[in-house]
Amino acid sequence: MRDITTLNAPIQESDKESILDSHKLSHDDYRAIVEILGRVPNLIEIGIFSAMWSEHCSYKSSKKYLRGFPTQAPWVIQGPGENAGVIDIGGGYAAVFKLESHNHPSFIEPYAGAATGVGGIMRDIFTMGARPVASLNSIRFGDITNQGEIGKKHRYLLRGVVEGIGGYGNCMGVPTIGGEMDFESSYNGNILVNAFCLGVAKKEEIFYAKAEGVGNPVMYVGSKTGRDGLGGAVMSSDSFTSDSKALRPTVQVGDPFAEKLLLEACLELFQKDYIVGIQDMGAAGLTSSSFEMAAKSGSGMRLDLDKVPMRESGMNPYELMLSESQERMLICAKKGYEQKVIEIFQKWELDVAVIGEVTNSGVMELYWYGEKCAQIPIDKLSDNAPILSKELKESKRETQKVQTLHTKLSAQEVFEKLLGSVEISDKKWVYSQYDSSVQTNTIIGPGMCDGSVVRVKENGVGLAMNVYCDVRACYLNPKEGAKLSVAAAGRKCATRGVRPKAISDCLNFGSPNNPEVMWEFKEACEGIKEACEALNTPVVSGNVSLHNQSDGVDIYPSPSIVSVGVVQDAQKTITSALKTQGNSLLLVGEIAADFAGSIAQKLCEGKIYGEVARIDLSREARLWDLLCEDNAAIVSAKDIGKGGLAIALTKMALLGDKGVRVQSGLGSWELLFAQSPSCVVLEVAPQDRAFIESRANKLGLLVREIGVVSDTDICIDSLHLSSQKARELYFESFAKNV
């Protein structure tokens with residue numbers, strides 16, 4: 001399609017209303033666009049502004065609340081602002097990582113949405129010069145146990161998402177080593193699919209997204225551009241209605257085999273001195289990658305869009321700029337090295353083309369067969385993205401103190417109900433579809449413990465990582481829930497004996513047009529700031545996903561947190577599996593009547609309510625010291641999370657094929673299921689018990705022996721389960737619900 005008269009013409013007043021509506025732009029936005037350009041825009045320019053000013057790309061409703069996140073530490077090499085965060089892991093190497101959402105696409109097309117979410121986050125990692133070595137995922141669905149249409153739909157969505165994650169990650173040869181999942185009715189109309197990837201690179205070989213040097217060529221590499229994913233960034237910046245299937249064309253289609261070739265080609269390219277910068281074509285495709293690269297360098301750019309490799313006939317500049325076709329990169333090469341770059345990508349059987357050059361104009365100039373079809377000042381587009389101050393209104397929740405569980409069930413019935421629930425039971429049905437051992441570096445994989453661990457062959461260190469969000473606590477109190485989530489994600493790494501060093505976050509919330517949602521967002525951000533400062537885990541990367549709303553129903557506030565930790569000797573990690581009969585079981589921390597927002601409260605009472613636990617972040621930091629320093633006497637460890645002490649002990653026993661004999665001394669059977677923060681169970685040899693107790697006391701931590709490891713059966717106060725029954729409930733229940 002060479003004739004673009006319609007696209008290139010100034011927008012007519014009679015068409016303005018429908019064009020603005022279809023591009024999710026306001027009249028204020030339009031006036032700002034006219035002022036920036038000094039004229040009436042054409043449709044191509046409107047499309048570009050729409051994508052770059054979308055919630056997904058500009059963070060216009062959320063940016064003001066992200067300011068003030070702690071982002072620096074001696075070990076932080078790169079904080080927020082690049083494709084991913086980077087920390088120093090010793091020996092001249094760095095870990096590169098990020099967590100990102102693909103929620104809307106996964107609800108529309110679960111396999112393709114989840115698969116391209118995995119592919120996109122991997123590109124964010126290897127575009128910085130790092131080879132991906134581990135993946136996690138955080139996925140949330142509606143009520144899959146519902147026997148009606150809702151349950152049927154969400155079982156379908158769950159199966160599709162899991163297949164998509166496994167299908168893409170397995171083909172890429174990157175191990176999926178852990179994850180988390182939740183089921184709540186608030187996700188009935190809007191599921192969450194958050195993907196995390198971590199890669200390893202040499203510190204001096206990190207690449208950044210920049211385009212500088214007048215005359216340097218701008219090169220397109222990877223797969224051809226098609227019409228799939230057209231308008232994806234705008235779609236992800238709007239709330240759902242019941243007619244989500246109409247949005248299918250906005251979902252990208254991935255090809256993991258093409259991405260594997262792109263990965264290897266890029267890593268080969270990075271060994272040469274041929275390029276200035278590189279950027280993934282993610283959300284908003286060629287638009288975001290080109291504008292962001294030029295903006296970071298204060299440069300201008302000319303692009304000849306007719307030279308872009310195209311998968312479909314009749315494509316036009318609007319489609320080429322806004323398509324979110326997968327497996328594509330934009331490169332700023334050094335002038336004179338174009339042919340060298342071309343040879344590398346042709347060797348890997350990938351498309352490659354010179355499509356433009358860097359200028360000193362400060363303007364993005366787009367051409368179509370020699371005719372200029374768009375011209376936009378780069379800094380004014382990026383610097384003038386609207387920053388909105390949305391109305392805030394405090395969400396009112398019932399905040400009464402909850403002293404117990406209100407249930408007619410017996411302690412034994414509650415125990416068995418929790419152990420076999422979809423929230424707590426083992427997710428082998430899920431993680432068995434993921435390759436967790438490829439690359440042969442996985443030390444602790446999915447299903448084995450809370451935090452997962454990989455070794456870095458190049459320097460011998462271990463990297464622990466865990467993704468977590470206490471969505472029920474965040475619903476009841478967003479600020480305290482966010483603190484609990486940051487602390488728990490780090491604690492699950494610390495129980496591996498690995499010191500948490502930094503976090504990546506994915507802030508999933510409802511519609512920013514709801515004042516209560518924006519208040520929840522503000523509060524959660526404050527909670528993350530406080531927790532990260534107190535625990536010395538800076539935020540080095542992240543993502544915001546708003547408009548997670550369907551037919552007026554907002555999701556629970558869901559700030560997913562990935563904590564990443566480093567231990568200098570990968571072989572000195574601790575698992576959660578009990579090891580030796582007769583060893584002592586120590587409870588570190590104080591269990592209180594913390595039932596508000598707990599799994600026990602939800603399953604026993606059918607609702608959540610009350611005042612959530614307030615975490616003492618200083619105590620949490622001291623607990624990490626106990627777990628991560630001079631910890632050779634700790635044989636196994638597990639934090640007390642979902643389901644409380646009884647579930648933690650049972651999981652430890654089942655993972656180690658052992659039993660437990662415990663007298664908790666808590667005084668009330670309900671407290672066995674309380675979810676108190678900063679509490680862990682340790683297994684230690686009898687001769688080392690005094691040493692651990694002494695260390696805990698010096699750190700100001702409560703510690704006491706509550707029982708011993710036995711050879712069989714689970715005996716906790718009045719609770720009793722045979723090992724066989726416990727295994728059936730824990731390992732077999734989940735598959736029966738999907």
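Visitor: Is the crossing of α8 past α9 left-handed or right-handed?
Guide: Right-handed: that's how α8 passes α9. By convention, the near helix is then turned clockwise from the far one by less than a right angle, while anticlockwise would be left-handed. Helices are DSSP runs of H or I with at least four residues, strands E runs of at least two, both numbered from the N terminus.

Visitor: What sort of model is this, and how are residues numbered?
Guide: The model is predicted, so local features need pLDDT of at least 70 and side-chain atom pairs pLDDT 80 or more, while totals for chains, interfaces and linings use all residues. Numbering runs from 1 along each chain as its sequence is written, and side-chain values use heavy atoms, without hydrogens or water.

Visitor: Back to that helix pair. What are the angle and the axis separation for α8 and α9?
Guide: α8 (residues 110-126) packs on α9 (residues 149-172) at about 35 degrees, and the axes are 7 Å apart. Axes are lines fitted to C-alpha atoms over the stretch in contact, with angles from 0 to 180 degrees between N-to-C directions.

Visitor: Which residues make the contact?
Guide: From α8, they include Pro110, Tyr111, Ala114, Ala115, Val118 and Met122. On the α9 side, Tyr156, Leu157, Gly160, Gly164, Gly167 and Tyr168 are among them. Contact here means heavy atoms within 4.5 Å.

Visitor: How does the contact of α8 with α9 split by class?
Guide: There are 12 nonpolar, five polar and two charged residues. Gly counts as polar in that scheme, as do others outside the nonpolar set (Ala, Val, Leu, Ile, Met, Phe, Trp, Tyr, Cys, Pro) and the charged set (Asp, Glu, Lys, Arg).

Visitor: New topic: which residues of α3 are buried?
Guide: In α3 (residues 27-37), Asp29, Tyr30, Ile33, Ile36 and Leu37 are buried. Buried is under 20% relative accessible area, exposed over 50%, partly exposed in between (1.4 Å probe, protein chains only).

Visitor: Why do they end up on the same side of α3?
Guide: Because they cover an arc of only 125 degrees around the axis, taken from the directions from the helix axis to the C-beta atoms. The face turned away from that buried side carries the exposed Asp28, Arg31 and Glu35.

Visitor: What do the buried residues of α3 pack against?
Guide: Their partners are α2 (13-22), α4 (43-52), β13 (371-377) and α15 (378-383). Just after α3 comes Gly38, with a positive phi of about 75 degrees.

Visitor: β13, okay. Is Cys373 buried or exposed there?
Guide: Cys373 lies in β13 and is buried, at 2% relative accessible area. Beyond four places in sequence, Cys373 touches Ile4, Asn8, Asn42, Ile44, Pro317, Leu366, Tyr367 and Trp368.

Visitor: Now α24: which residues are buried, and which are exposed?
Guide: In α24 (residues 689-698), Ile692, Glu693, Arg695 and Ala696 are buried. They cover an arc of only 160 degrees, which puts them on the same side of α24. Ala690, Asn697 and Lys698 are exposed on the other side.

Visitor: What packs against the buried residues of α24?
Guide: Among others, α22 (617-628), β22 (584-588) and β25 (680-684).

Visitor: And where does Leu623 sit?
Guide: Leu623 is in helix α22, buried at 0% relative accessible area. C-alpha to C-alpha, Leu623 is 8.3 Å from Val588, though they are 35 residues apart in sequence. Its contacts more than four places away include Arg491, Val588 and Leu701.
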